[in-house]
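The questions below ask why certain terms apply to the structure shown here. Each answer sets a computed value against the cut-off behind the term.

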Amino acid sequence: MINLLPEIFLQAKPILEHIENHHHKAYFVGGCVRDYLLKRPIGDIDIATSASPVFVQEIFPKVIPVGIEHGTVIVRHNNDSFEVTTFRIDGDYSDKRHPDSVQFIDSIDKDLERRDFTINALAMDLNGNIIDLFEGINDIKERIIRTVGNGYERFTEDPLRIIRAIRFSSQLGFTIDSITFQEMKDVSSEIETLAIERVANEFTKLFAGKDVNRALTYVKNLQIERYLPVFCDYPHMLSALSASIRPLQSFAEVIALFHLVNPDIEVIQWIKEWKCSNRTKQEALRLVKAYSYFKKHGLDRWLVYQLTPAFYEGFIRISENLLHTTVSLKEMKAIEQQLSIRSKEELIINGYDLMGMFPEKKRGRWLQEHLNCIEFKVVCGELSNNKKEIKEWIKWNPPGID
Ligand code: ATP
Ligand code: MG
């Protein structure tokens, strides 16, 4: 049986064997088992074990203690990382972030019982035998999301599970069981109490799912927007989106799209209220700037240059959501080939060269402005990236008076 397992499980097999050689139990658990049964690409391999985190640290040479108080360590093996978590039951989630306390236990049964949905409460041993205590395999077959145990209690315990149910429906294209859905509705106002970073993390995956439209229909039916920053002040924002939005791959893309649909809400407001990183802010701003430029000027070298290859696809995803026709990756790459420089650093001339040409001028805004202008002309092909040619141009176009 094990030989039928995908490569990634085979890579993790020595870890399970090593733990079992030390007389402890170990299983593949959660999303990797679900995705294996669904024949979906497997993300991370999570391992659950009866061994304590300290014991796991002792028996493996390379261990990173990422969340030792919750029982989780990362075991490094042949350049791969595997999360190994001790079987546990959770205490209360009074801060709506982490359980207040966890208790390590010996058997996998209770560990599976604390998991959110039946499809995520599966474990598999190293021979490929599956432990399925809550009819998760049947729910996978029927493509249904259902809580493990009483949904009202499970959602009250951790309201993030409400958002997680919707995000799994988006990723997997599953239907939420009707009783579970009613229970989500009953508890939905508790979403307000969640740490927004946790919600943002789930929302990012929700918007990236292939069935994002199904998920947004759930969001609308539950009127979850009422409990979410920014959305709560603009009740019609989600309904204003077309019924066929295309998946987005990052929260920066989500923010850029919503800002472009509702320019009244600045990117910075999204960032603040959703407590996003500076990186998300920079990415969202870059996408917004590129889209606005595209609307005015269309696809040209300057747009492609400003975006940089890392953002081509994000830009296409945003514009596909806003316009009937847009550009293709192929077109962008073809233009990239024509660029004589890929970044400002490649410009043959710099501030010192410019100052050298105008020794009488004081340092000031003119320097940056003139360099920007030269950069633009080089990128657009009006000037070659050649010192002599650029200096000649500068002589004829000296900087203005500051
Ligand atoms: P993905 O492929 O997107 O990572 P996943 O199922 O692995 O999906 P994770 O968020 O990585 O999802 O969580 C790993 C597992 O931990 C889940 O499959 C589930 O069993 C359990 N789990 C995670 N978060 C919760 C939660 N809030 N409540 C209960 N169980 C949870
Ligand atoms: Mg995971």
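Q: Which element supplies the largest share of the shell around ligand 1?
A: In this predicted model, helix α7 does, with five residues of the shell. Helix α7 spans residues 160-172, and α2 (31-37) also supplies at least two residues of the shell.

Q: How many residues surround ligand 1, and what makes a residue count as part of that group?
A: The number is 16, and the closest are R34, D158, R161, R164 and R167. A residue counts because one of its heavy atoms lies within 4 Å of the ligand.

Q: What is the make-up of the shell around ligand 1 by residue class?
A: Eleven residues are charged, four are polar and one is nonpolar. Asp, Glu, Lys and Arg count as charged, so R34, D158, R161, R164 and R167, the closest residues to ligand 1, fall in the charged class by that rule.

Q: Why is the pair formed by R34 and ligand 1 called a polar contact?
A: A polar side-chain atom of R34 lies 2.8 Å from an oxygen atom of ligand 1. The cut-off for a pair of N or O atoms is 3.5 Å, so the pair qualifies.

Q: Which N or O atoms of R115 and N120 lie 3.1 Å from an oxygen atom of ligand 1, side-chain or backbone?
A: For R115 the atom belongs to the side chain. For N120 it is a backbone N or O atom. Both distances are 3.1 Å, and both pairs are polar contacts because the limit is 3.5 Å.

Q: How much of the area that ligand 1 exposes when taken alone does the protein bury?
A: Ligand 1 alone exposes 590 Å², and the protein buries 80% of that.

Q: Where does ligand 1 sit, and what makes that the right word?
A: Ligand 1 sits in the largest pocket. The word applies because more than half of the atoms of the ligand lie within 2 Å of the grid points of that pocket.

Q: Why is D132 called partly exposed?
A: The relative accessibility of D132 is 27%. Buried requires under 20% and exposed over 50%, so 27% falls in between. D132 is found in strand β9, residues 130-132. The C-alpha atoms of D132 and N120 are 9.9 Å apart, with their positions twelve residues apart along the chain.

Q: What makes the phi of H23 worth pointing out?
A: Phi of H23 is near 65 degrees, a positive value, and H23 is not a glycine. Most residues other than glycine have a negative phi. H23 is found in the loop between α1 (7-21) and β1 (26-29).

Q: Is H23 buried or exposed, and how do you know?
A: H23 has a relative accessible area of 75%. The cut-off for exposed is over 50%, so H23 is exposed.

Q: What is the phi of V230, and where is the residue found?
A: V230 has a positive phi of about 65 degrees, although it is not a glycine. V230 is found in the loop between α10 (212-222) and α11 (237-240).

Q: Is V230 buried or exposed, and why?
A: V230 is buried, because its relative accessible area is 0% and the cut-off for buried is under 20%.

Q: Why is T85 called buried?
A: The relative accessible area of T85 is 11%, which is under 20%, so T85 counts as buried. T85 is found in strand β5, residues 80-86. A polar contact of 3.1 Å joins the side chains of T85 and T72.

Q: What makes P398 partly exposed?
A: P398 has 45% relative accessibility; exposed needs over 50% and buried under 20%, so P398 is partly exposed. P398 is found in the segment after α20 (387-396). P398 and M357 are 41 residues apart in sequence and 9.5 Å apart, C-alpha to C-alpha.

Q: How do you know that H259 is buried?
A: Its relative accessible area of 11% is under the 20% cut-off, so H259 counts as buried. H259 lies in helix α12, residues 251-261.

Q: What share of the residues of the chain count as buried?
A: Of the 402 residues, 49% count as buried. The secondary structure of the chain comes to 20 helices and eleven strands.

Terms used:
Residues numbered from 1 in each chain as written. Chains lettered and ligands numbered in written order. Predicted model: local features only at pLDDT ≥ 70, side-chain atom pairs only at ≥ 80, totals over all residues. Heavy atoms only, no water. Polar contact = N/O pair within 3.5 Å; in protein donor to acceptor, adjacent residues only side chain to side chain. Areas by Shrake-Rupley, 256 points an atom, 1.4 Å probe, with all protein chains shown as cover. 1 Å grid on protein atoms, 1.4 Å probe; cavity = no way out; pocket = protein on both sides within 12 Å on 5 of 7 lines; lining within 4 Å. Helix = DSSP H or I, 4+ residues; strand = E, 2+ residues; numbered from the N terminus. Buried < 20%, exposed > 50% of the residue type's maximum accessible area, 1.4 Å probe, protein only.
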